[in-house]
Amino acid sequence: MSASTAIPEPPACHALAASSALRRAGVGSAPALVLGGAILLWGANWPVMKLGLGHVSPLWFSALRFATGAACLFAWQAARGAVWRPRGADLPFIASIGLLQMMLFTALGAVAMTHLPAGRSAILSYTTPIWVVPMAVLVFGERLGRLQWAGIGLAALGVAILFNPHAIDWRDGTVLGAHGMLLAASAAWAVCILHLRHGRSAASAAQLAPWQMLLAAAVLLPLARATEGPFTGDGTVTFWACLIFVGPLATAFGFCAVNAASRQVPASRMSTLMLAVPVTGLAIATVTLHEMPEPDLVLGALAIILGIAASAVPARLTHPHRRKARN
């Protein structure tokens, strides 16, 4: 496999492009900058995690990420005099997001990245719609248009390209398992998307976020101690810099920034704009970690991104009984 010699686009361009697209769509400059900043943070989070994993084991890193993120959000709520106390109706959302999207998604991604490049990990982790659409159709009776089905097929083709025998060694169980972990992580996130779409909670996402992060940290800390032994962080400047970035910045601030921008941006447009996250991660990994993308990664990533963009096009995602009611 030969390395690509293309000159990578500066990482910040992807966030700026998202901000420009939002401004052209009539969204104010402040939300556009907030979302652009969040995209840049979340994209950079993948290579930063890869760097941090050289100084601490994956489960300890994941546990500290959510512990520091929860502490920041609780402190922010306390400063505003409005620490939210969860109610009974909030508990299912705290459990699903805290255990699946945060704990399981992050832990699987971190473990996988000890064996895979950051760019490839970011792309595979954002294959969530491949799982969302079939589950929405089979479990919730939703119907899709041809464009949505074509988009899912194209994204699945992109995953197949990344899994082809010329891209990875199928005899290497460790590498193959790492790829499977990333797909499992995206499936866990898909379950949470469907729960949020079809469930109802009195609390906002920002109010529940610190409790969800606290739950994720509470599970990951003893799990890290049991499987990886005593704390593995080396205490270097690089370790603390990576932890501060992935915890208070990428996790706490990034979550709140996307939540704030989502109130002013249509959901379909948000889905498409968030595709800039793995592209930004791949670009930053190329520049900072010198992970030159192979042709299979470029082709597979392009198919995945185009497929997800097509599947996110609004329209005609309806329940059968609603369609009958209109006839």
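# Reading helix packing and burial in a predicted model

User: I read that the crossing of α4 and α8 is left-handed. At what angle do these two helices pack, and how far apart are their axes?

Analyst: Please keep in mind throughout that this is a predicted model. To read a helix pair, take the angle and the axis distance, then the class of the angle, and then the residues that touch. For α4 and α8 the angle is about 165 degrees, and the axes lie 8 Å apart. An angle over 145 degrees counts as roughly antiparallel, and therefore α4 and α8 are roughly antiparallel to each other.

User: Which residues make that contact, and how do they divide by class?

Analyst: On the α4 side the contact includes P92, F93, S96, I97, L100, Q101, L104 and F105, while on the α8 side it includes A178, M181, L182, A184, A185, S186, W189 and H195. Sorted by class, the α4 contact with α8 has 19 nonpolar residues, 5 polar ones and no charged ones.

User: α4 also meets α9. Where are these two helices in the sequence, and at what angle do they pack?

Analyst: Helix α4 covers residues 91–113 and helix α9 covers residues 205–228; they pack at about 55 degrees, with axes 8 Å apart. That angle makes α4 oblique to α9, and the crossing in which α4 passes α9 is right-handed. The touching residues include F93, I94, A95, I97 and M102 from α4, and L208, A209, W211, Q212 and V219 from α9. In this contact 16 residues are nonpolar, 2 are polar and none is charged.

User: How should I read the pair α5 and α7, and how closely do their axes come?

Analyst: The same steps apply. Helix α5 (residues 118–125) and helix α7 (residues 146–163) have axes that come within 11 Å and cross at roughly 150 degrees, which means that α5 is roughly antiparallel to α7. The crossing is left-handed, and the contact is formed by R120, I123 and L124 of α5 together with V159, L162 and F163 of α7. Of these residues 5 are nonpolar, none is polar and 1 is charged.

User: Let me turn to single residues. Is H179 buried or exposed, and what does it touch?

Analyst: Burial is read from relative accessible area, and a residue counts as buried under 20%. H179 belongs to helix α8 and has a relative accessibility of 0%, so H179 counts as buried. Leaving aside residues up to four places away in sequence, H179 touches L116, R120, L124, L162, F163 and I168. R120 and L124 take part in the contact from α5, and L162 and F163 take part from α7.

User: S186 also appeared in the α8 list. Which polar contact does the side chain of S186 make?

Analyst: The S186 side chain makes a polar contact with the side chain of T127, at 3.2 Å. S186 is found in helix α8, residues 173–198, and is buried, with a relative accessible area of 0%. Beyond residues up to four places away in sequence, S186 touches F105, L124, S125, T127, T128 and W131.

User: What of T238: where is it found, and what does it touch?

Analyst: T238 is in helix α10, residues 237–262, and at 31% relative accessibility it counts as partly exposed. With residues up to four places away left out, T238 touches L51 and H55. T238 and V48 are 190 residues apart in sequence, whereas their C-alpha atoms are 9.9 Å apart in space.

User: Which backbone angle stands out at H290, and where is H290 placed?

Analyst: H290 has a positive phi of about 60 degrees, although it is not a glycine. H290 sits in the loop between α12 (276–288) and α13 (295–311), and with a relative accessible area of 62% H290 is exposed.

User: Finally, how many helices and strands does the protein have, and how much of it is buried?

Analyst: The protein has 14 helices and 0 strands, and buried residues make up 50% of its 327 residues. Among contacts with a separation of 6 or more, residues 24 or more positions apart account for 87%.

Definitions and conventions:
Residues numbered from 1 in each chain as written. Predicted model: local features only at pLDDT ≥ 70, side-chain atom pairs only at ≥ 80, totals over all residues. Heavy atoms only, no water. Axes fitted to C-alpha atoms, helices over the stretch in contact; angles between N-to-C directions. Helix = DSSP H or I, 4+ residues; strand = E, 2+ residues; numbered from the N terminus. Parallel < 35°, antiparallel > 145°, perpendicular 65-115°, else oblique. Left-handed = near helix turned anticlockwise from the far one by under 90°. Contact = heavy atoms within 4.5 Å. Nonpolar A, V, L, I, M, F, W, Y, C, P; charged D, E, K, R; others polar. Buried < 20%, exposed > 50% of the residue type's maximum accessible area, 1.4 Å probe, protein only. Polar contact = N/O pair within 3.5 Å; in protein donor to acceptor, adjacent residues only side chain to side chain.
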